[in-house]
Amino acid sequence: MKIIDAHMHYSNIASFLTASEQNGVNYTKAGLEEERGNNNILAGICMGLCETKPGSFPDKQAATPMRFDMGELPANYYYCAGINPHNLDKEAITNLDVALQKSDCAGIKLYAGYYHYLVTSRKYEPVYQLAIKYDLPVVIHSGDTYSERGLLKYSHPLSIDELAVKHPELRIVIAHLGNPWLLETAEILYKNKNVYADLSGLLIGEKELFERFVAQDLYLNMFRTALILADRYDKLLFGTDWPLAHIDVYVNFIKKLIPEAHHQQVFYENATKVFTKLSLGR
Ligand SMILES: [Zn+2]
């Protein structure tokens, strides 16, 4: 099966380094190349993120756009330009504009919840205008924050409904299916035609943790219920949140949640529609 990993990371973030060590993930280019090869990952989208000091993410000092800092991305990997709302002055917007026009940039990433602004904040308006101008998707972190400093009221998916109504021409991806607000996310997907969701980061950790959760039908059914309610398998994107989980472990987990008839769409096709800049020959 051909796979596109629509949400992964390639930045030196202290909490990612710790997590990858605990999970036994080799968080290097060589480690990524090995795992992608074993799992037929044709392309990937890395979520741009930086911290200026180890452990400072979510970092108010980081420059917009945030990129990746582990060296060159592997072939056919792209990035989403990360937005720090504390750094959106004229120069930052100009830098973002320039970055979005380059071939390696496939979209924009907002860290709602990590940064304490609603996605409907006026601060983000210039960012949305650029996304619309260049027809690029905006991926929005949603649900649990992987940091105690996050505030959940800013990462609740409900505010994305208001953003979608305000900007119907903006292509939005709700990251992590808004977990644990799965039914809310399902409703927002169902209601708003230009809103999608990625399935990354629903579980993070080592193989044994996945086995423990996947063995419980009640757990899997929580996600399946939301997916059935949304009934939009044309709007779900596979993503791993690597290095927070091994790629093969994550592929097997998502295979259990998605009916086989929709695997091709969710693991591959939908990402090519959302990330239109993705050219598999790059
Ligand atoms: Zn992520």
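Which residues does Gly82 touch, not counting residues up to four places away in sequence? The first legend answers this for the predicted model.

**View A. Surroundings of Gly82 in strand 3.**
Gly82 lies in strand 3, residues 77-83. Beyond residues up to four places away in sequence, Gly82 touches Met47, Gly48, Leu49, Pro65, Met66, Lys109 and Tyr111. Within 10 Å there are 24 other C-beta atoms, so Gly82 is buried; the cut-off is 20 or more. Val214 is elsewhere: its C-alpha is 32 Å from that of Gly82, and the two residues are 132 apart in sequence.

**View B. An open sheet of eight strands.**
The strand order is 1-2-3-4-5-6-7-8, and the pairing is parallel. Strand 1 (3-8) and strand 8 (236-237) stand at the edges. Each has a single partner strand, so one side of each has no neighbour in the sheet. Strands of a sheet pair through backbone hydrogen bonds.

**View C. Strand 5 beside strand 6, with helix 6 packed on the sheet.**
Strand 5 (residues 138-140) pairs with strand 6 in the parallel sense. Three bridges join the two. Ile140 stands opposite Ile174 in strand 6. Helix 6, residues 158-166, packs on the sheet and touches strand 5, strand 6 and strand 7. The direction of helix 6 makes about 170 degrees with that of strand 6.

**View D. Strand 7, covered on both faces.**
Strand 6 (residues 172-174) and strand 7 run parallel, joined by three bridges. Val173 stands opposite Tyr196 in strand 7. In a regular strand the side chains alternate between the two faces of the sheet. In strand 7 (residues 195-198), Val195 and Ala197 are on one side. Tyr196 and Asp198 are on the other. All four of these residues are buried.

**View E. Helix 3 against helix 4.**
The axes of helix 3 (residues 90-100) and helix 4 (residues 125-133) come within 11 Å. They cross at roughly 20 degrees. The two helices are therefore roughly parallel to each other, since angles under 35 degrees count as such. The crossing is right-handed. Helix 3 contributes Ile93, Leu96, Asp97 and Leu100 to the contact. These meet Pro126, Val127 and Leu130 in helix 4. By class, the contact has six nonpolar residues, one charged and no polar.

Key
Residues are numbered from 1 along each chain as its sequence is written. This is a predicted model: local features need pLDDT of at least 70, side-chain atom pairs count only at pLDDT 80 or more; totals for chains, interfaces and linings use all residues. Axes are lines fitted to C-alpha atoms, for helices over the stretch in contact, and angles run from 0 to 180 degrees between N-to-C directions. Helices (H or I, at least four residues) and strands (E, at least two) are DSSP runs, numbered from the N terminus. Angles under 35 degrees count as roughly parallel, over 145 as roughly antiparallel, 65 to 115 as roughly perpendicular and the rest as oblique. A crossing is left-handed if the near helix is turned anticlockwise from the far one by less than a right angle, and right-handed if clockwise. Two residues are in contact if their C-beta atoms, placed from the backbone, lie within 7 Å. Ala, Val, Leu, Ile, Met, Phe, Trp, Tyr, Cys and Pro count as nonpolar, Asp, Glu, Lys and Arg as charged, and the others, Gly among them, as polar. A residue is buried if 20 or more other C-beta atoms lie within 10 Å of its own, exposed if 12 or fewer, and partly exposed in between; C-beta atoms are placed from the backbone. Two strands pair if DSSP finds at least two bridges between them.
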